[in-house]
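Dear colleague,

Please find the structure below, followed by a summary of how its helices pack and what its nonpolar core contains.

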Amino acid sequence: MKLDLSLKDLRGIAKFIGMRNYSRLNKQELTYALELYFEIQERIPSITERQRANAMERYYRGIYD
């Protein structure tokens, strides 16, 4: 999945899904994090948006359970 959006749009998406500390990420890191989020969303449809955002954030930070 390729996201060709501005940094402002990417931050808007991150805010909408409930990702924490999204403002600290640069465009490349935020794009990667959102790609992971949507990949997790497709794999596990039964969890809530907040749980998905938390799981993706843990995975991105390298402490995925």
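A crossing is called left-handed if the near helix is turned anticlockwise from the far one by less than a right angle, and right-handed if clockwise. Helices here are DSSP runs (H or I, at least four residues), numbered from the N terminus. This is a predicted model: local features need pLDDT of at least 70, side-chain atom pairs count only at pLDDT 80 or more, and totals for chains, interfaces and linings use all residues. Residues are numbered from 1 along each chain as its sequence is written, and side-chain values use heavy atoms, without hydrogens and water.

The crossing of α1 and α2 is left-handed. Their axes (lines fitted to C-alpha atoms over the stretch in contact, with angles from 0 to 180 degrees between N-to-C directions) lie 10 Å apart at an angle of about 40°. α1 and α2 are therefore oblique to each other, that is, outside the ranges under 35 (roughly parallel), over 145 (roughly antiparallel) and 65 to 115 degrees (roughly perpendicular). In contact (heavy atoms within 4.5 Å), L7, L10, R11, I13, A14 and I17 of α1 meet K27, L30, T31, L34, Y37 and F38 of α2.

The crossing of α2 and α3 is right-handed. Here the axes come within 9 Å and cross at roughly 130°, which makes α2 oblique to α3.

The largest nonpolar core (buried Ala, Val, Leu, Ile, Met, Phe, Trp, Tyr and Cys residues joined through side-chain atoms within 4.5 Å; buried means under 20% relative accessible area, 1.4 Å probe, protein chains only) has 14 residues, of which A14, M19, L30, L34 and M56 touch the most other members. α2 gives the most to this core, with six residues.

Kind regards

Terms used:
Buried < 20%, exposed > 50% of the residue type's maximum accessible area, 1.4 Å probe, protein only. Helix = DSSP H or I, 4+ residues; strand = E, 2+ residues; numbered from the N terminus.
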